[in-house]
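Here is a quick tour of a single chain, working from the overall fold down to individual side-chain pairs. Have the viewer open alongside while you read.

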Amino acid sequence: MRYRFLLLIAFLFVFAQSKAQIPFIRHLVNSGFYKEAIYVIEKDTADYSAQQRDSINYYKGWAHYSLKNLQESSSSFLKVSHTSPFYNKSFFFAGYNQTYLGNYNEARSILDRADSSKEPTLWLYNFEISGIEMLNGNWPEAKQYLELVSEENAVLNKQVLALNEIWKEHEQHRKKSPVAAGIMSAIIPGSGKIYAGKTGAGIASMIGNIGFGLITWENYRKSGIADVKTILFGSIFAVNYVSNIYGSVVSVKVIENEHENAIHNQILFQLHIPLRNFFD
């Protein structure tokens, strides 16, 4: 760390004298010294041209992006002007940042400002919009945009197929109801968990409830309702019965949340892959 710090100071001194910071900033970013690059940019007071300022904003956006500071990254990327060769790349990554942050309307607005009037950039635009619509729950619209992307494009080919598979999986998925799981377990203990896909837990709950129910009934039949054993096993049965209903409801909610999170992460992953390959 000390060596890196001294090296940074030395570079800062040299380049501060000449005001030729951009090559140094580019070197820092390309070498993975993102925090150092941001420090140099924020401390730099040189009077740059508009084109040079575009480059600095691009590198600052890229440094923040690499550090997962996605909001700051978007802010810097969006300062890159339309005349810069970094313009489209900056806006597509700014759009992805907002998509990742869950700001889907903002992401779409940013992508609409990118220069995507011609192929193959238009294909990338439609691909990213398709993913955003999926994340936003607008699956029919997502399919329409996805069909506008050529599967012959080498950069997008695999990801188009992947999004198509995700779309098919969504169409085939039958969402399970927590209410239905609760009602099923109220009628037949454990059946709600089996419905949720937890067959082993459901069978175990069923056996437990039936067992305590039979023991309670047997004690009630022999000793009456006021007997200590009847009260004890009856209480255990009641707690077990109610907790089984609650557990069935929670199980369905957890499974559906896990499914949605898995789909969400898959879409984000597929949207991210072609961006770097497309612009590099």
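Reading from the N terminus, the elements of the chain go α-α-α-α-α-α-α-α-α-α-α-α-α-α. That makes 14 helices and zero strands. Keep in mind that this is a predicted model.

**Overall shape**

How does the radius of gyration of the chain sit against the globule rule? The chain comes out at 29 Å, well over the 19 Å that the rule gives for 280 residues, so the chain is more spread out than a compact globule. Along the principal axes, the C-alpha atoms fill a box of roughly 100 × 50 × 25 Å.

The chain is split into domain 1 (22–88) and domain 2 (178–264). Taken over C-alpha atoms, the centres of these two domains are 58 Å apart.

As for burial, 41% of the 280 residues count as buried. The chain exposes about 15600 Å², and carbon and sulfur atoms supply 58% of that area. Now look at contacts with a separation of 6 or more: 58% of them come from residues 24 or more positions apart.

**Salt bridges**

How many salt bridges does a search of the whole structure find? The search turns up six. Here are some of them, with the N to O distance for each pair.

| Pair | Closest N to O distance |
|---|---|
| Lys60 and Glu42 | 3.7 Å |
| Arg108 and Glu133 | 2.4 Å |
| Lys168 and Glu165 | 3.8 Å |

Start with the side chains of Lys60 and Glu42, which meet at 3.7 Å, N to O. Lys60 is in helix 4 (residues 50–66) and Glu42 is in helix 3 (residues 34–43), so this bridge ties together parts that are 18 residues apart in sequence. Is Lys60 buried or exposed? With 18% relative accessibility, Lys60 counts as buried, because the cut-off for that label is under 20%. Its partner Glu42 is exposed, at a relative accessible area of 52%.

Next comes the bridge between Arg108 and Glu133, whose closest N and O atoms are 2.4 Å apart. This pair links distant parts of the chain, with Arg108 in helix 7 (residues 104–113), Glu133 in helix 8 (residues 121–135), and their positions 25 residues apart. Here the acid is the buried partner: Glu133 has a relative accessible area of 8%. Arg108, at 23%, is partly exposed.

The bridge between Lys168 and Glu165 stays within one element, since both residues lie in helix 10 (residues 157–172). They sit three residues apart, about one turn of the helix. Both ends are partly exposed: Lys168 has 40% relative accessibility, and Glu165 has 48%.

There is also a shared-partner case, in which salt bridges join Glu218, Arg221 and Lys222 into one network.

**A nonpolar patch on the surface**

Which residues make the nonpolar surface patch of about 410 Å²? The patch is built from Val179, Ile183, Ile187 and Ile188. One of these, Ile187, belongs to helix 11 (residues 178–187). The side to check in the viewer is easy to pick out, as Ile187 is exposed, with a relative accessible area of 65%.

Definitions and conventions. Residues are numbered from 1 along each chain as its sequence is written. This is a predicted model: local features need pLDDT of at least 70, side-chain atom pairs count only at pLDDT 80 or more; totals for chains, interfaces and linings use all residues. Side-chain values use heavy atoms; hydrogens and water are left out. Patches are made of residues with over 30% relative accessible area and no salt bridge: like charges are joined within 9 Å, nonpolar side chains (Val, Leu, Ile, Met, Phe, Trp, Tyr) within 5 Å. Accessible areas come from the Shrake-Rupley method with a 1.4 Å probe; for residues, only the protein chains shown count as cover. A salt bridge is a side-chain nitrogen of Lys or Arg within 4 Å of a carboxyl oxygen of Asp or Glu. Helices (H or I, at least four residues) and strands (E, at least two) are DSSP runs, numbered from the N terminus. Buried means under 20% relative accessible area, exposed over 50%, partly exposed in between (1.4 Å probe, protein chains only). Domain bounds come from an automatic or database domain assignment. The radius of gyration is taken over C-alpha atoms; the globule rule is 2.2 Å times the number of residues to the power 0.38. Contact means heavy atoms within 4.5 Å.
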